[in-house]
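Please read the following report alongside the sequence and the three-dimensional view. It moves from the nonpolar interior to the sheet and then to the enclosed and open spaces.

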Amino acid sequence: MIHNIVQVGHPVLRDVAPPIDLASCATPEFKQLIADMRETMHDAPGVGLAAPQIALGLRLFVIEDDSEYLDEIDDEVLEEFKRERVPFYVMINPTVTPIGTETETHYEGCLSVNGFRALVPRALDVHVEGWNENGEQVSFDAHGWHARILQHEFDHLNGTVYIDRMDTRSFTTEDNLELLTDDEEEF
Ligand code: ZN
């Protein structure tokens with residue numbers, strides 16, 4: 001089922017989401033929720049979706065940056081944005097921690113701030129810890145665009161939206177943004 005994606009101003013986007021009881025991961029309801037979030041993310045389309053974006057106060061997000069659309073983007077552009085394919089995965093009760101001090105600034109959008117973009121500085125590398133949909137602990141490092149998606153989704157679990165971190169003078173409608181060619185997806 002495709003869920004409605006709530007827009008900025010909805011209080012759930014400003015709450016700190018409480019942790020998920022890992023025992024609930026085994027329930028059919030939870031498995032259905034994961035399937036629904038994936039479907040909702042594809043439909044948007046987006047490369048990430050956090051539970052608060054469908055009005056659920058849960059420390060949960062899904063990420064997938066693996067669409068056919070990536071085939072149409074020049075390798076040079078993918079390299080510039082340090083964007084590599086990321087197969088679908090689920091993160092429960094995650095922590096996302098910057099590694100080092102290097103940052104990059106790119107235009108970013110959000111499915112909950114529909115129709116706008118802004119420049120947002122993000123750590124280039126992050127370390128991630130959390131649990132997958134089977135309740136198994138996972139940890140890994142992420143780089144570039146994947147690290148950006150992770151920081152964006154982790155922010156959603158803490159009531160933070162990219163507009164809190166953006167260069168305010170870069171804030172623009174998508175229609176007015178002609179500077180990028182590879183930013184047709186939001187998260
Ligand atoms: Zn977002």
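## The largest nonpolar core

In this predicted model, the largest nonpolar core holds 25 residues, and those that touch the most other members are F61, I63, V126 and L150. At least two residues of this core come from each of β2 (60-65), α2 (75-80), β3 (86-98), β6 (125-131) and α3 (144-157), and α3 gives the most, with six residues. In soluble globular proteins, nonpolar side chains tend to be buried together.

L150 shows how such contacts reach across the chain: leaving aside neighbours within four places in sequence, L150 is in contact with F61, I63, Y89, V96, V126, V128, F140 and A142. Apart from this core lies another one, of 16 residues, which includes M37, M41, V62 and I92.

## F61 in strand β2

F61 lies in strand β2 and has a relative accessibility of 0%, so this residue counts as buried. Once residues up to four places away in sequence are set aside, F61 touches M37, L49, A50, Y89, V90, M91, P94, L150, E153, F154 and L157. By contrast with these contacts, the C-alpha atom of F61 is separated by 23 Å from that of E104, a residue 43 places away along the chain.

## A three-stranded sheet and the buried S170

Three strands form an open sheet in the order β4-β5-β8, and their pairing is antiparallel. The edges are held by β4 (103-108) and β8 (172-173), each of which has a single partner strand, so one side of each is left without a neighbour in the sheet. Strand β5 (residues 116-123) pairs with β8 in the antiparallel sense over two bridges, and R117 stands opposite T172 in β8.

S170 belongs to the loop between α3 and β8. Because its relative accessibility is 8%, below the 20% limit for burial, S170 counts as buried. Not counting residues up to four places away in sequence, S170 touches Y107, R117, A118 and L119; R117 is thus a contact of S170 as well as the residue opposite T172.

## The largest cavity

A search of the whole structure finds two cavities of 30 Å³ or more, and the largest cavity has a volume of about 40 Å³. Its lining is made up of F81, E104, H106, R122, A123, L124, G144, W145 and R148. The elements that give two or more residues to this lining are β4, β5 and α3, with α3 giving the most, at three residues. By class, the residues lining the largest cavity divide into four nonpolar, two polar and three charged.

## The largest pocket

Which residues line the largest pocket? They are D75, L78, E79, K82, R83, E84, R85, V86, A142, H143 and H146, and the pocket that they line has a volume of about 160 Å³. Two elements, α2 and β7 (137-143), give two or more residues to this lining, and α2 gives the most, with three residues.

By class, the lining of the largest pocket has three nonpolar, two polar and six charged residues. One of the lining residues, A142, is also among the contacts of L150, a residue that is itself one of those touching the most other members of the largest nonpolar core.

Technical notes. Residues numbered from 1 in each chain as written. Predicted model: local features only at pLDDT ≥ 70, side-chain atom pairs only at ≥ 80, totals over all residues. Heavy atoms only, no water. Pairing = 2+ DSSP bridges. Helix = DSSP H or I, 4+ residues; strand = E, 2+ residues; numbered from the N terminus. Core = buried A, V, L, I, M, F, W, Y, C linked by side-chain atoms within 4.5 Å. Buried < 20%, exposed > 50% of the residue type's maximum accessible area, 1.4 Å probe, protein only. Contact = heavy atoms within 4.5 Å. 1 Å grid on protein atoms, 1.4 Å probe; cavity = no way out; pocket = protein on both sides within 12 Å on 5 of 7 lines; lining within 4 Å. Points joined across faces, edges and corners; volume = space filled by probe spheres on them. Nonpolar A, V, L, I, M, F, W, Y, C, P; charged D, E, K, R; others polar.
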